[in-house]
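Let's take a walk through this structure together. Have a look at it first, and then we'll go through its parts one by one.

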Amino acid sequence: MASSRILIVGAGPAGVRCAETLVRHGLRPTLIDENRRDGGQIYRRQPEGFQRDYRTLYGSEADKAKALHDSFDQLRPELDYYSDTSAWHLSGQRLYAHQQGRPLELDYDHLLLCTGATDRVMPVKGWQLAGTYSLGGAQIALKNQAVSIGHEVVFMGSGPLLYLVASQYLKAGANVAAVLDTSAFSKRLSALPKLLSRAPLTARGSLLLADLLRHGVSLHFGIRPLEVLGSTDSGVSAIRFARADGSVSEICCDALALGYHLRPETQLADLAGCAFQFDELSRQWLLQLDDLGRTSVPQVYAAGDGARIRGADAAERAGELAAIALLQDLNRATPELAARQQQLHSELAVLSRFAQGLSEAFPWPAQHAAQLSDDTIICRCEMISAGELRRTVQAKGALEVNRAKAFSRVGMGRCQGRYCAHVGAEVIAAASGEPLQVVGRQRGQAPVKPLPISLYAVEPTDPAPQESMQQPAPEVLS
Amino acid sequence: MISRFVRLDEQHRPRVTLQVNGQPVDALEGDTLMVALLTQSRHLRQSEFDSGLRAGFCLMAACQDCWVWTRQGERLRACSTPVSSGMDILTYQPEAAWPVHES
């Protein structure tokens, strides 16, 4: 059989376990990753020369992080691995990327998208001020660079990561001014039956909470963020929020970590033509997948948080399952693989139930989108306000997210909608009275991230104008 | 000290010196440009769309808020670019100026 060209995008838990399974079955996949080192965001490796040990970096997840890194190190000679490589387009079974200033084009027969997630953010008035960071970003600052994002940090949003990162900051010696959670504590109790599907993890979460309290960190549940106070030149100076009882408080700080769980990175799947479905519980568009991770497009698979937001443990298993799907599609199914598939499915069932419990315990506060003041910035990149977007909906009748994007530019800036498109859709839905799924989903566009024009431009060497239109031949690997 | 980021650990790395807006700046080997800049300043760049200063947002190469420039005009994402000795960085885009949009 002619060897199949297999391309994996992303070297986090899903991508590494996927690659490992394929290598174990005699295949040699190509693995590209945007980071300099493997591990993804969750098990991100610190730069060479840093000394902190696994326990300091990854806490209770140290063994899993080490196991994943060790697996990758062993796999490394069996892979065609491109680190520091950013994919920007997909077309006709060719992925377009660039690595350290040079274009790279990769042809594939099978594509495994393990593209991970970014923070899901609900804007708050003033969040464009310097010193506001995504919650995941705050964690990366600590994990990857051993720095705190500020001298006094407030953590605001919802989800388990809020408490985890706050306690990691505390442990590392940073000043944590407060943790402000939009979710009411009672939600955690009603979600408890699902959360107890992973009782040790739930217990650990409670310990984090107790630890924060013991250190005198101000904790508030069921809050509504009102404003990030500060100035355009010095940045964040305080957070104003409404407590659950409606009274308004302010907490001084010079940094804010803001996050509401995660949203999947799906732009490449979108360009590959994969179908999406609306998930009512999380109010997000997710890839349509079969139970092994096959997308609606033949020979394109997805795993990890880019497919379903279930965390790193589930990502490792889903990555392996996607590899099993690919092996089946190559007629390499074995009884051992079938047995392994069954085991992974039963483990994933528990992890999925737990993830659902988390979504219920720390719900996305969709109702806040309707309450954002007209002068709240929705698009940080281009400073477009909720009021401008609402006027687009009312004056131009733009009830669909891509149409509203064309008129308002929300979703068109340098982040390409990663941090605003989902909120823009909520604002449109609230302003128009249409359900969120009718407002729709912002389409992915190439380039999925900005790329330097120098990649495809050449210096004009001759007065003849057509010469300057020539492109250097990129390296094509097939 | 007027800084945004605070170093908590890993401070025994070799020093490197780079130029930022023509001034020498000390950093540590393994720092990203973002950390090198924000441990001695409160911002990375000027927003093109208002008078605000920006200091990055996502730190995972997704939001593009942390762009800075080399003196040659090459754009760098500060959160994912490691420092190296002798870098010549500008926190404003060379040879570009446009009116700021204030709504």
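Two strands count as paired if DSSP finds at least two bridges between them. Helices (H or I, at least four residues) and strands (E, at least two) are DSSP runs, numbered from the N terminus. With that in hand, look at chain A: three of its strands form an open sheet in the order S14-S15-S16, with antiparallel pairing. Strand S14 (224–231) and strand S16 (248–252) of chain A sit at the edges with a single partner strand each, so one side of each has no neighbour in the sheet. On average, neighbouring strands here are turned by 25 degrees against each other, direction ignored. Strand S15 (residues 235–242) of chain A is joined to S16(A) by five bridges, and A:Ala238 has A:Cys252 as its bridge partner in S16(A).

A quick word on the ground rules. This is a predicted model, where local features need pLDDT of at least 70, side-chain atom pairs count only at pLDDT 80 or more, and totals for chains, interfaces and linings use all residues. Residues are numbered from 1 along each chain as its sequence is written, while chains are lettered from A and ligands numbered from 1 in the order in which they are written.

Now for the domains, whose bounds come from an automatic or database domain assignment. Chain A is given domain 1 (6–118 + 263–359), domain 2 (121–260) and domain 3 (365–447). The C-alpha centres of domain 1 and domain 2 of chain A are 28 Å apart.

Who touches whom? Residues are in contact if their C-beta atoms, placed from the backbone, lie within 7 Å. For the classes, Ala, Val, Leu, Ile, Met, Phe, Trp, Tyr, Cys and Pro are nonpolar, Asp, Glu, Lys and Arg are charged, and the others, Gly among them, are polar.

| Touching side | Nonpolar | Polar | Charged |
|---|---|---|---|
| Domain 1 of chain A, touching domain 2 of chain A | five residues | six residues | three residues |
| Chain A, touching chain B | 17 residues | 19 residues | nine residues |

Between these two domains, 14 residues of domain 1 of chain A meet 12 residues of domain 2 of chain A. Helix H11 (residues 335–361) of chain A brings the largest share of the domain 1 side, six residues.

Between the chains, 45 residues of chain A are in contact with 37 residues of chain B. Which helix of chain A gives the most to that side? H4(A) does, with five residues. There's strand pairing across the chains too: S10(A) and strand S1 (residues 6–7) of chain B pair in the antiparallel sense over two bridges, and A:Ser148 has B:Val6 as its bridge partner.

Note on methods:
Axes are lines fitted to C-alpha atoms, for helices over the stretch in contact, and angles run from 0 to 180 degrees between N-to-C directions.
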